[in-house]
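This report describes one protein chain for a reader who has the sequence and the structure at hand. Please look over both before reading on.

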Amino acid sequence: QEMLPFPAARRVETPTLVRIELVLWHIVHPFSLIVKSLYWASWVLENPLEDLQKISYLDFYTHGFGQFWLLLSFLLSNVPFVMCTGFGWCVTYALIFIAWSLVHFFTKIGTPEPCDGYLQNECPIYSKFDWHKPQLTTVIALLVCLVACPVVCTFYATLASRCRGRHDVQEGSENKTGTGDCEEPKVEEITVDATAL
């Protein structure tokens with residue numbers, strides 16, 4: 001029997017809009033969980049649990065149900081999530097936000113609404129991320145970049161590989177790490193039995 005080589009696999013260039021969507025995907029999911037976790041952690045540290053009833057529906061929806069819907073869309077989608085890519089974009093976004101918050105602070109842009117303790121043009125974007133308190137804000141920034149980003153990206157990559165299946169190029173191949181590889185999978189040549197056609 002004569003075995004003919006299958007046509008060599010061509011590398012197809014990913015369209016620009018798809019690449020942009022993948023970058024946003026690797027930013028939105030981890031950072032939404034980080035922001036919501038920081039919100040609830042700061043709330044619990046500052047308020048007694050009896051005050052939970054005082055949280056508005058909008059706050060609860062934004063920082064509770066919103067995360068539920070994002071996780072659901074993540075689990076039901078088939079868009080891959082890779083640990084290295086997610087971590088890189090997550091930290092990049094964090095650094096861009098930190099830089100913007102510093103510009104906002106030094107140029108005294110302020111906020112549309114007045115805040116407690118400062119003139120309106122000195123109000124921080126978020127009261128918990130306030131450059132008037134540089135030591136605490138620096139610690140928060142370092143924790144987000146060095147702890148929260150890798151932990152949350154590992155969580156999402158594990159969730160993607162364990163709960164949604166694998167996204168490898170080769171059918172039947174396995175992702176041995178379970179959290180998304182940093183290397184591209186190898187494409188092997190496939191032979192087809194010409195007599196079976």
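Is Lys 108 buried, exposed or partly exposed? With a relative accessible area of 42%, Lys 108 is partly exposed. Like every value in this report, that percentage was computed from a predicted model. Lys 108 returns below, after an account of the chain as a whole.

## Overall architecture

The chain is built from four helices and two strands. Following the sequence from start to end, one meets these elements in the order β-α-α-α-α-β. The chain has 197 residues, and 26% of them are buried. A residue counts as buried when its relative accessible area is under 20% and as exposed when that area is over 50%; partly exposed residues fall in between.

Contacts that span the sequence can also be described. Of the contacts between residues at least 6 apart in sequence, 67% join residues at least 24 apart. Towards the outside, the chain exposes about 13,800 Å², and carbon and sulfur atoms supply 66% of this area.

## The nonpolar core

The largest nonpolar core of the chain contains 25 residues. Within this core, the residues with the most contacts are Phe 31, Ile 34, Phe 74, Phe 81 and Cys 149. Three helices, α1 (16–46), α3 (83–106) and α4 (134–163), each contribute at least two residues to the core. The greatest contribution comes from α4, which provides eleven residues.

Ile 34 illustrates how such a core residue is surrounded. When neighbours within four places in sequence are set aside, Ile 34 is in contact with Cys 90, Val 144, Ala 148, Cys 149 and Val 152. One of these partners, Cys 149, is buried, with a relative accessible area of 0%. Cys 163, in contrast, is exposed, its relative accessible area being 53%.

## The disulfide

How many disulfides does a search of the whole structure find? The search finds one. In general, a disulfide is a covalent bond that links the sulfur atoms of two cysteines. Here the partners are Cys 115 and Cys 123, and their sulfur atoms lie 2.0 Å apart. The torsion about this S-S bond is about -95 degrees, so the disulfide is left-handed. The two cysteines differ in accessibility: Cys 115 is partly exposed at 27%, whereas Cys 123 is buried at 1%.

## A nonpolar patch on the surface

Nonpolar side chains also appear on the surface. Tyr 57, Phe 60, Tyr 61, Phe 65, Phe 68, Trp 69, Leu 72, Leu 75 and Leu 76 make a nonpolar surface patch of about 930 Å². Tyr 61, one of these residues, belongs to helix α2, which comprises residues 57–76. With a relative accessibility of 34%, Tyr 61 is partly exposed.

## Lys 108 and its backbone

Lys 108 is located in the loop between α3 and α4. Most residues other than glycine have a negative phi. Lys 108 is not a glycine, yet its phi is positive, at about 55 degrees.

## Salt bridges

Side chains that carry opposite charges can pair when their charged atoms come close. The chain has four salt bridges. The table lists examples, with the distance between nitrogen and oxygen atoms.

| Lysine | Acidic partner | N to O distance |
|---|---|---|
| Lys 128 | Glu 46 | 3.0 Å |
| Lys 54 | Asp 51 | 3.3 Å |
| Lys 108 | Glu 122 | 3.1 Å |

What does the salt bridge between Lys 128 and Glu 46 tie together? Lys 128 lies in the loop between α3 and α4, while Glu 46 lies in helix α1, so this pair ties together parts that are 82 residues apart in sequence. Lys 128 itself is partly exposed, with a relative accessible area of 38%.

The salt bridge of Glu 122 with Lys 108 has both of its residues in the loop between α3 and α4, so the pair ties together parts that are 14 residues apart in sequence. Glu 122 is partly exposed, at 24%, and Lys 108 is likewise partly exposed, at 42%. In the salt bridge with Asp 51, Lys 54 is exposed, with a relative accessible area of 65%. That value is over the 50% limit, so Lys 54 counts as exposed.

How values were computed. Residues numbered from 1 in each chain as written. Predicted model: local features only at pLDDT ≥ 70, side-chain atom pairs only at ≥ 80, totals over all residues. Heavy atoms only, no water. Buried < 20%, exposed > 50% of the residue type's maximum accessible area, 1.4 Å probe, protein only. Contact = heavy atoms within 4.5 Å. Areas by Shrake-Rupley, 256 points an atom, 1.4 Å probe, with all protein chains shown as cover. Core = buried A, V, L, I, M, F, W, Y, C linked by side-chain atoms within 4.5 Å. Disulfide = S-S within 2.5 Å. Patch = residues over 30% accessible without salt bridge, like charges linked within 9 Å, V, L, I, M, F, W, Y side chains within 5 Å.
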